[in-house]
Amino acid sequence: MFKMGIAGTGSYVPETRLTNGDLEKIMDTSNEWIMTRTGIAERRITTEEEATSDLAYHASLSALHDAGLQPEDIDFILVATVTPDHPFPSVANQLQHRLGCRSILSLDVSAACAGFLAIVDIADKYIRSGAFRHGLIIGADTLSKMTDYTHRSSSILFSDGAGAWVVSREKPDSSKGLLYSTIQSDGEHFTSLYVPGGGSRYPNPERAGVKNKIYMDGRKIFKMAIQSMSSSIHQTLEATSHTMEDIDWLVPHQANERIIDALSRNLGFPDHKVVKTIKYYGNNSAATIPLAFDLSVRNGTLQRGNKILLTSFGGGLVWGSALLAY
Ligand code: COA
């Protein structure tokens with residue numbers, strides 16, 4: 001069996017900043033409340049004209065450049081998103097054309113904030129089996145488009161962005177590559193974090209008395225996020241015979257700094273080895289992990305040879321972890 005390595009990374013965020021000061025002007029909140037409860041100072045958000053595929057396109061170009069590959073070298077594209085430009089076709093289909101790739105497999109995967117780890121898991125299976133040599137996997141979301149800015153406890157979190165990896169086949173005995181990944185789901189609590197309207201259940205949200213905006217039960221999600229990510233990390237460490245001491249960096253989903261801090265405390269993992277980008281980027285769903293990863297590669301934090309643990313949790317509910325020898 002081959003291994004899946006990361007050949008290149010890229011990311012892109014829109015230029016417009018939405019600061020806590022901006023939110024103070026449109027709702028009853030304060031910078032102090034938001035910083036204390038979430039650790040977020042500002043978020044990047046798209047303009048009316050920018051869509052998810054635009055962010056994904058720029059992140060992809062950057063990852064291809066980093067990998068030293070051309071679009072025609074890519075054998076498959078997977079995009080994790082819950083905010084596609086259109087119900088169909090997929091963002092991945094649009095990217096295939098816009099990047100100038102061959103007629104290859106290109107699909108979107110819907111797993112909300114855990115979407116990037118879901119496509120890491122799928123891509124690993126495609127590459128390991130020998131079916132494909134190079135893939136482009138992208139987490140991209142524009143949550144601002146479905147954020148309810150009248151709901152002050154959820155709207156303070158969400159933002160837009162994209163992160164991409166070029167993943168490539170590595171020899172079975174390579175020291176580099178994905179060591180393990182796990183993704184799990186439980187739909188029982190799906191209404192704790194979801195968009196009620198706008199899909200086929202309530203295609204006319206106003207008539208049905210629901211919104212096509214994100215609804216979130218913050219307290220419930222807070223607890224479940226910590227429990228689920230902790231248990232999937234324990235499963236990953238056990239399956240690979242690793243302990244937290246073997247891990248150089250933890251790159252968690254950037255949902256809320258308090259969740260990240262509680263998670264590392266639960267795991268007994270030192271705070272200085274946890275990658276946090278939430279302060280300036282907020283929670284941009286499937287983009288948080290590849291965005292945080294790319295920014296940390298570029299500023300020299302994550303280095304080749306590091307053992308890196310990834311973990312995420314989100315609407316569905318879906319959660320997972322992955323361990324990587326970078
Ligand atoms: N500014 C000021 N006050 C606010 C506020 C805001 N933006 N949002 C809520 N409040 C108030 C509430 O009205 C409430 O006041 P009350 O006690 O007078 O009724 C109080 O603060 C507590 O509200 P609550 O919603 O219980 O806050 P919380 O401590 O649970 O914090 C979150 C809210 C959203 C920050 C927190 O629940 C959270 O982070 N949850 C996880 C969310 C998440 O990560 N989602 C994405 C998963 S992928």
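This report describes the domains, nonpolar cores, ligand site and selected backbone features of a predicted protein model.

## Domains and cores

The protein chain is divided into two parts, domain 1 (3-170) and domain 2 (177-325). Their C-alpha centres are 14 Å apart. To the contact between them, domain 1 contributes 55 residues and domain 2 contributes 48 residues.

The largest nonpolar core holds 38 residues. Within this core, the residues that touch the most other members are Ile233, Met244, Leu250, Leu267, Phe269, Leu309 and Phe313. At least two residues of the core come from each of helix H8 (218-239), helix H9 (257-267), strand E12 (307-314) and strand E13 (318-325). Helix H8 gives the most, with seven residues. Because domain 1 (3-170) and domain 2 (177-325) both give residues to this core, it lies between them.

Phe269 illustrates the packing in the core. Residues up to four places away in sequence aside, Phe269 touches Met244, Ile247, Asp248, Trp249, Leu250, Ser264 and Val274. A second, separate core consists of 34 residues, including Phe132, Val251, Ala292 and Val318.

## The ligand site

The ligand is surrounded by 23 residues, of which the closest are Thr29, Arg37, Arg152, Arg219 and Asn256. Three contacts between protein and ligand are set out below.

| Residue | Protein atom | Ligand atom | Distance |
|---|---|---|---|
| Thr29 | side-chain N or O | nitrogen | 2.7 Å |
| Gly218 | polar backbone atom | nitrogen | 3.0 Å |
| Asn256 | polar side-chain atom | oxygen | 2.5 Å |

Taken alone, the ligand exposes 950 Å², and the protein buries 75% of that area. The elements that supply two or more residues to the surrounding shell are helix H2 (31-38), helix H6 (152-155), H8 and E12. The largest share of the shell, four residues, belongs to H8. Helix H8 is thus named in two settings: it gives seven residues to the largest core, and it gives four residues to the shell around the ligand.

## Helix H9 and its ends

Which residues of H9 are buried? They are Ile259, Ile260, Ala262, Leu263, Ser264 and Leu267. One of them, Leu267, is also listed among the core residues that touch the most other members, and Ser264 is in contact with Phe269. The cover over the buried residues of H9 includes H8, strand E11 (249-252) and E12.

Both ends of the helix have a noted feature. At the start of H9, a side-chain oxygen of Asn256 comes within 2.7 Å of the backbone nitrogen of Arg258. Asn256 also has a polar side-chain atom 2.5 Å from an oxygen atom of the ligand. Just after H9, Gly268 adopts a positive phi of about 70°.

## Backbone features in loops

Two cis peptide bonds are described here. One joins Phe88 and Pro89, with omega about 0°, and Pro89 is found in the loop between strand E4 (76-80) and helix H4 (91-99). Another joins Gly316 and Leu317, with omega about -5°. Leu317 lies in the loop between E12 and E13.

Positive phi values also occur at two serine residues. For Ser241, phi is near 50°, and the residue sits in the loop between H8 and E11. For Ser285, phi is about 60°, and the residue sits in the loop between helix H10 (278-281) and helix H11 (288-298).

Are these two serines buried or exposed? Ser241 counts as exposed because its relative accessibility is 67%, above the cut-off of 50%. Ser285 is buried because its relative accessible area is 1%, under the cut-off of 20%.

## Ser312 in strand E12

Ser312 lies in strand E12 and is buried, with a relative accessible area of 1%. A polar atom of its side chain is 2.8 Å from the backbone oxygen of Cys113. Beyond neighbours within four places in sequence, the contacts of Ser312 are Cys113, Ala114, Leu117, Met229, His253, Ile289, Val318, Trp319 and Gly320. One of these contacts, Val318, is a member of the second core. Strand E12, where Ser312 lies, gives at least two residues to the largest core and two or more to the shell around the ligand.

Technical notes
Residues numbered from 1 in each chain as written. Predicted model: local features only at pLDDT ≥ 70, side-chain atom pairs only at ≥ 80, totals over all residues. Heavy atoms only, no water. Core = buried A, V, L, I, M, F, W, Y, C linked by side-chain atoms within 4.5 Å. Buried < 20%, exposed > 50% of the residue type's maximum accessible area, 1.4 Å probe, protein only. Domains from an automatic or database assignment. Contact = heavy atoms within 4.5 Å. Near = heavy atom within 4 Å. Polar contact = N/O pair within 3.5 Å; in protein donor to acceptor, adjacent residues only side chain to side chain. Areas by Shrake-Rupley, 256 points an atom, 1.4 Å probe, with all protein chains shown as cover.
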